[in-house]
Amino acid sequence: MNYRYCLFDLDGTLTDPGVGITNSVMHALRKFGISVSGRSELYSFIGPPLGESFRKQYGFSEEQSRQAVDYYREYFRAGGIFENTVYDGIPELLQALKQKGVTVALATSKPYEFAVQILQHFDLYQYFDYFGAADMDGTVSKKADVIARLLKQFGQVDPAAVLMIGDRAQDIAGAKANSLPSAGVLWGYGSREELQSAGADHLLSIPSDLLSLL
């Protein structure tokens with residue numbers, strides 16, 4: 001293994017956004033007269049594109065899901081974006097990667113505007129060389145498409161040297177769609193079973209485990 005590029009998912013991998021995302025989803029659902037019994041019901045929203053989650057979890061139409069995303073962003077912009085914490089060991093990991101000369105990139109289904117604000121707020125922005133994210137209008141939102149666009153920015157690189165790191169099945173699937181190896185993290189919102197079933201090449205129990213792969 002000679003991974004020289006590390007692509008990081010954001011939610012559930014670098015930061016724990018559970019409170020902010022679920023509060024934002026609850027705000028959106030209330031606009032439709034829907035209430036939930038507990039926050040954990042909404043953890044499935046952490047990771048996938050929002051519109052897709054509203055359609056899948058609540059049977060919303062395309063139009064309803066677009067409106068729900070707008071409602072979600074009302075709360076998120078007003079403060080939910082920072083109802084978030086950095087996982088222990090992440091700053092140290094990113095610093096170590098930079099010291100090793102590894103190219104570090106973001107690969108998130110969160111819109112670029114929000115993703116960069118979060119990285120800047122938590123003093124993580126400095127460690128990143130590239131920023132792969134979704135478009136606000138949803139034109140690009142799936143992880144496979146975010147990764148594909150990143151790879152075009154890299155130019156001619158050996159896919160075997162590019163490692164995707166994330167906590168959910170879609171991170172692993174996005175890597176596979178682009179012929180990249182992947183590492184699933186066990187501190188996020190995806191289970192060991194989910195990541196293994198998706199075909200992760202590696203599993204990481206703590207952030208520093210990544211360094212043993214380099």
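In which helix does Lys31 lie? Lys31 belongs to helix H1, which covers residues 18–31. The model described here is predicted.

**Lys31 and its surroundings**

With a relative accessibility of 46%, Lys31 counts as partly exposed, because the value falls between the 20% limit for buried and the 50% limit for exposed. Beyond the neighbours within four places in sequence, Lys31 is in contact with Tyr71 and Glu74. Pro111 is 80 residues from Lys31 along the chain, and their C-alpha atoms are separated by 22 Å. Between Lys31 and Val116 the sequence separation is 85 residues, and the C-alpha to C-alpha distance is 28 Å.

**The sheet**

Six strands form an open sheet in the order E5-E4-E1-E6-E7-E8, and the pairing is parallel. The edges are taken by strand E5 (130–134) and strand E8 (202–204); each has a single partner strand, so one side of each has no neighbour in the sheet. From one strand to the next, the twist averages 20 degrees.

Strand E6 (residues 162–166) is joined to strand E7 (residues 182–185) by three bridges, and the two run parallel. Ile165 of E6 has Ala183 as its bridge partner in E7, and Met164 stands opposite Ser182 in E7. Strand E1 (residues 5–8) is joined to E6 by four bridges, again with the strands running parallel. Here Leu7 has Met164 as its bridge partner in E6. From E6 the chain crosses through helix H7 (residues 169–177) to E7, in a β-α-β crossover that is right-handed.

How many of the five residues of E6 are buried? Five of the five are buried, so the strand is largely enclosed by the rest of the structure. In a regular strand, side chains alternate between the two faces of the sheet. In E6 both faces are covered: Val162, Met164 and Gly166 are buried on one side, and Leu163 and Ile165 are buried on the other.

Strand E4 (103–111) includes Thr103. The relative accessible area of Thr103 is 19%, so this residue is buried, the limit being under 20%. Not counting residues up to four places away in sequence, Thr103 touches Arg4, Tyr5, Cys6, Asp129 and Tyr130.

**Nonpolar cores**

The largest nonpolar core has 46 residues. Those with the most contacts inside this core are Phe8, Phe54, Leu94, Leu97, Phe128, Ile165 and Leu210. For Leu97, the contacts beyond four places in sequence are with Cys6, Phe8, Val102, Val104, Leu210, Leu211 and Leu214. Another core, of 14 residues, lies apart from the largest one and includes Tyr5, Ala105, Ile147 and Val162.

**Helix H5**

In helix H5 (residues 112–121), the buried residues are Phe114, Ala115, Val116, Ile118 and Leu119. They pack against strand E2 (15–16), helix H3 (62–78), strand E4 (103–111) and E5. Val116, a residue of H5, has a relative accessibility of 10% and therefore counts as buried. Outside the neighbours up to four places away in sequence, Val116 touches Tyr125 and Phe131. After H5 comes Asp123, with a positive phi near 60 degrees.

**Aromatic residues**

The whole structure contains 13 aromatic pairs. An aromatic pair is described by the distance of the ring centres and the angle of the planes. For Tyr58 and Phe60, the ring centres are 6.1 Å apart and the planes are at 45 degrees, so the pair is tilted. How does burial compare across this pair, buried or partly exposed? Tyr58 is partly exposed, with a relative accessible area of 27%, whereas Phe60 is buried at 9%. Phe32, Phe45, Phe54, Tyr58, Phe60 and Tyr71 form one aromatic cluster. Two of its members also appear above: Phe54 is listed for the largest core, and Tyr71 is a contact of Lys31.

**Accessibility of selected residues**

The table collects the relative accessibility values given in the text.

| Residue | Relative accessibility | Class |
|---|---|---|
| Lys31 | 46% | partly exposed |
| Tyr58 | 27% | partly exposed |
| Phe60 | 9% | buried |
| Thr103 | 19% | buried |
| Val116 | 10% | buried |

Technical notes:
Residues are numbered from 1 along each chain as its sequence is written. This is a predicted model: local features need pLDDT of at least 70, side-chain atom pairs count only at pLDDT 80 or more; totals for chains, interfaces and linings use all residues. Side-chain values use heavy atoms; hydrogens and water are left out. Two strands pair if DSSP finds at least two bridges between them. Axes are lines fitted to C-alpha atoms, for helices over the stretch in contact, and angles run from 0 to 180 degrees between N-to-C directions. A nonpolar core is a set of buried Ala, Val, Leu, Ile, Met, Phe, Trp, Tyr and Cys residues joined through side-chain atoms within 4.5 Å. Buried means under 20% relative accessible area, exposed over 50%, partly exposed in between (1.4 Å probe, protein chains only). Contact means heavy atoms within 4.5 Å. A crossover is right-handed if, with the strands pointing away from the viewer, the path from the first strand over the helix to the second runs clockwise. Rings of Phe, Tyr and Trp (its six-membered ring) pair if their centres lie within 6.5 Å; planes under 30 degrees apart count as stacked, over 60 as edge-to-face and the rest as tilted.
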